[in-house]
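Subject: Structure for your review

Dear colleague,

Please find below the structure that I am handing over to you. My findings follow directly after it.

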Amino acid sequence: MSTLALSPAILLRAYAMGVFPMSEHRNDPEVFWVDPQHRGVLPLDGFHISRSLARRMRRGGYRATLNHDFEGVLRACADRPDTWINAPIHRAYVALHHMQHAHSLEIWQDGALTGGVYGVTLGGAFFGESMFSRRTDTSKLALAHLTDHLARCGFTLFDTQFITPHLARLGAREIPRATYHALLKDALERDVRITDKPLETDPRQILQRNTQTS
């Protein structure tokens, strides 16, 4: 695919169709589209908070924010030996962020960005793109805050694209493409925004709601 074609409009159309872009590596100027036969999803009413993660959340010592440093999260997610986030993808998602269709959730400790996740929103669907962790459990903290926030805002679909052991331990599961498209169709019909409610910053409230839904 030509890099000139990776515009925000085409990206949003692709997500609405259930496909997403990737590249072979950071220095590859080309982009290809992915439509897996089986899709990873993280049920918003089934996020698993382990005992150790619950203890970490109760201990505090961190701060969660929404959209405070989107580019910082994007750069951190690409800061690894093997990444699919090339320059065209980076530029396209920054453009989506300026259009309020790409968002990040950040975890801060001692004033430093130590974990986070970013993705794209359309209707009631959140398409998770990547996450990172610079200290123990910070990506888990980011996902705990994000899943709680999406549920409170009325989202119904958290697309993780693929399943990893890390995500599976948090409750993610794999579903067939047809099932995914049915969930996507329902989510796209919902008129919700990730900014409809303020981000919950009290971990105790998140833990209480998680206990009630699990």
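A search of the whole structure, which is a predicted model, finds 11 salt bridges. Several of these are described below, followed by one helix packing.

Salt bridges

In general, side chains of opposite charge can pair when their charged atoms come close. One of the pairs consists of D159 and R39, whose side chains meet in a salt bridge with an N to O distance of 3.0 Å. This pair links distant parts of the chain, since D159 lies in strand β8 (residues 157-161) and R39 in strand β3 (residues 38-41), 120 residues apart. D159 has a relative accessible area of 1%, which is under the 20% cut-off, and therefore counts as buried. R39 also has a relative accessible area of 1%, so R39 is buried as well.

A further salt bridge joins the side chains of D186 and R190, with 3.2 Å from N to O. D186 has a relative accessible area of 33% and is therefore partly exposed. Its partner R190 stands at 36% relative accessibility, so R190 likewise counts as partly exposed.

The side chains of D191 and R193 also meet in a salt bridge, at 3.0 Å from N to O. Here D191 is exposed, because its relative accessible area of 64% is over the 50% cut-off. R193, at 47% relative accessibility, counts as partly exposed.

Finally under this heading, three residues belong to a network: D148, E200 and R209 are linked by salt bridges.

Helix packing

Helix α1 (residues 8-17) packs with helix α4 (residues 87-98) at an angle of about 85 degrees, and their axes are 9 Å apart. Angles of 65 to 115 degrees count as roughly perpendicular, so α1 is roughly perpendicular to α4. On the side of α1, the contact is made by P8, L11, L12 and Y15. On the side of α4, A92, Y93, A95 and L96 take part. What is the character of the residues in this contact of α1 with α4: nonpolar, polar or charged? They divide into 8 nonpolar residues, with no polar and no charged residues among them.

To recapitulate the two topics, the salt bridges treated here include the buried residues D159 and R39, as well as the network of D148, E200 and R209. The contact of α1 with α4, by comparison, contains no charged residues.

With kind regards

Terms used: Residues are numbered from 1 along each chain as its sequence is written. This is a predicted model: local features need pLDDT of at least 70, side-chain atom pairs count only at pLDDT 80 or more; totals for chains, interfaces and linings use all residues. Side-chain values use heavy atoms; hydrogens and water are left out. Axes are lines fitted to C-alpha atoms, for helices over the stretch in contact, and angles run from 0 to 180 degrees between N-to-C directions. Helices (H or I, at least four residues) and strands (E, at least two) are DSSP runs, numbered from the N terminus. Angles under 35 degrees count as roughly parallel, over 145 as roughly antiparallel, 65 to 115 as roughly perpendicular and the rest as oblique. Contact means heavy atoms within 4.5 Å. Ala, Val, Leu, Ile, Met, Phe, Trp, Tyr, Cys and Pro count as nonpolar, Asp, Glu, Lys and Arg as charged, and the others, Gly among them, as polar. A salt bridge is a side-chain nitrogen of Lys or Arg within 4 Å of a carboxyl oxygen of Asp or Glu. Buried means under 20% relative accessible area, exposed over 50%, partly exposed in between (1.4 Å probe, protein chains only).
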